[in-house]
Amino acid sequence: MPELPEVEVITRELRPHLVGEKIRDLKKIWHKTIVESEYSPLNKRIQTITRHGKYIIFHLPDGAIIIHLRMTGQIIVKDQSNLDAKHLRAYIEFKSGKIMQFFDSRKFGRIYVTSNPQDVLKNTGIDALDANFLPKVFTNILTKKKRQIKSVLLDQKNIAGLGNIYIDECLFASRIHPLTPANRLSDDQINILFKEINKILVNAIDRMGTTISDYKTVGGGFGSFQNYLQVYGRTDQPCFVCNSPISKIRINNRGTHFCTNCQVESLNNEL
DNA sequence: AAGAGACCCTGGATGC
DNA sequence: TGCATCCAGGGTCTCT
């Protein structure tokens, strides 16, 4: 399940392949994968490729193609035009002969074609690695929210890019209980959490992301951050810090992993 | 504002 | 073995 680090790795890998490429055709195989508008990307050249949260943005002269991989989306760029069949949902052909295939077993991923990228991105907040995402900004977001910190961090309207896995990891590293109301966090806790978010995301990018089931880089490689996970997917296994079994509960219908020993104190202190 | 739940989906794991 | 059921979860939506 790609989150910010995986999407960042993919974005970086796509740039040398696709920047400057001119689009010859855009084909959908599963009807919902491509969300079209009146805007045609045909014969347009990709000027730059950027990322915002979990979105990959191909900037065209007067519009954009915006990709969200959701749970199982994968992108593979090939030089020749023979197609792979399994789970292929859409593909883009370029004038050069290159082809970008979009695979997605669960069909949740989307490719938006639009003259106005803001339409697609309007409900996403500041990117978690944006240079303007500062502790003060983070504090402003959290102090207005009574919701549980995990819910607040999951909501892309607040901060874009964090997902279920990295949030569990960041909260563990910060020793914050996931059910703590956001506005009950102390200044110290907010500062620690801010630093851990940055540290863990950057570290995960360095390790090419986390491969749990489907995620692959554009070159077909795997990430290695799964080897460094402290709590995610470790239900009932001993905490690396205190040996207590890792707990799993559901928040926002998402599996939430934490250490009742390391992360319970902050909850008690704050309530 | 925010919680609960449905929905979109398929593959893999589990249970009988 | 084979069938049914559950679970994984990002995001959007409706209802309360």
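Reader: How does the surface near DNA strand C divide into nonpolar, polar and charged residues?

Author: The surface near DNA strand C has 5 nonpolar, 4 polar and 6 charged residues. Here "near" requires a heavy atom of the residue within 4 Å of the strand. Ala, Val, Leu, Ile, Met, Phe, Trp, Tyr, Cys and Pro count as nonpolar, Asp, Glu, Lys and Arg as charged, and the others, Gly among them, as polar. The model is predicted: local features need pLDDT of at least 70 and side-chain atom pairs pLDDT 80 or more, while totals for chains, interfaces and linings use all residues. Residues are numbered from 1 along each chain as its sequence is written, chains are lettered from A and ligands numbered from 1 in the order in which they are written, and side-chain values use heavy atoms, without hydrogens and water.

Reader: Which residues are closest to strand C?

Author: Of the 15 residues that surround DNA strand C, the closest are His68, Arg106, Tyr232, Lys248 and Arg254.

Reader: And which side chains have polar atoms by its phosphate oxygens?

Author: Two can be named, each with a polar contact (a pair of N or O atoms within 3.5 Å). A polar side-chain atom of His68 is 2.7 Å from a phosphate oxygen of DNA strand C. For Tyr232, a side-chain N or O atom lies 2.7 Å from a phosphate oxygen of this strand. The elements giving two or more residues to the surface near DNA strand C are β12 (246-251) and β13 (254-259). Such strands are DSSP runs of E with at least two residues, and helices are runs of H or I with at least four, numbered from the N terminus.

Reader: What lies 3.1 Å from a base nitrogen of strand C?

Author: An N or O atom in the side chain of Arg70 is 3.1 Å from a base nitrogen of DNA strand C. Of the atoms of DNA strand C within 4 Å of the protein, 60% belong to sugar or phosphate and the rest to bases.

Reader: What is the sugar or phosphate share for strand B?

Author: For DNA strand B, 71% of the atoms within 4 Å of the protein belong to sugar or phosphate, and the rest to bases. The residues around DNA strand B are Trp30, Lys32, His87, Ser105, Arg106, Lys107, Phe108, Lys145, Lys146 and Arg147. By class, 2 are nonpolar, 2 polar and 6 charged.

Reader: Which atoms of Lys107, Lys146 and Arg147 lie by phosphate oxygens of strand B?

Author: A side-chain N or O atom of Lys107 is 2.7 Å from a phosphate oxygen of DNA strand B. For Arg147, the distance from a side-chain N or O atom to a phosphate oxygen is also 2.7 Å. Lys146 uses a backbone N or O atom, at 3.1 Å from a phosphate oxygen.

Reader: Changing topic, how do α3 and α6 pack?

Author: Helix α3 (residues 135-143) packs on α6 at about 120°, with axes 10 Å apart. Axes are lines fitted to C-alpha atoms over the stretch in contact, and angles run from 0 to 180 degrees between N-to-C directions. Pro135, Phe138, Thr139 and Leu142 of α3 meet Ile190, Asn191, Leu193, Phe194 and Ile197 of α6, where contact means heavy atoms within 4.5 Å. The contact of α3 with α6 has 7 nonpolar, 2 polar and no charged residues.

Reader: Where does α5 meet α6?

Author: Tyr166, Glu169, Cys170, Leu171 and Ala173 of α5 meet Leu193, Glu196, Ile197, Ile200, Leu201 and Ala204 of α6. These divide into 9 nonpolar, no polar and 2 charged residues.

Notes:
Polar contact = N/O pair within 3.5 Å; in protein donor to acceptor, adjacent residues only side chain to side chain.
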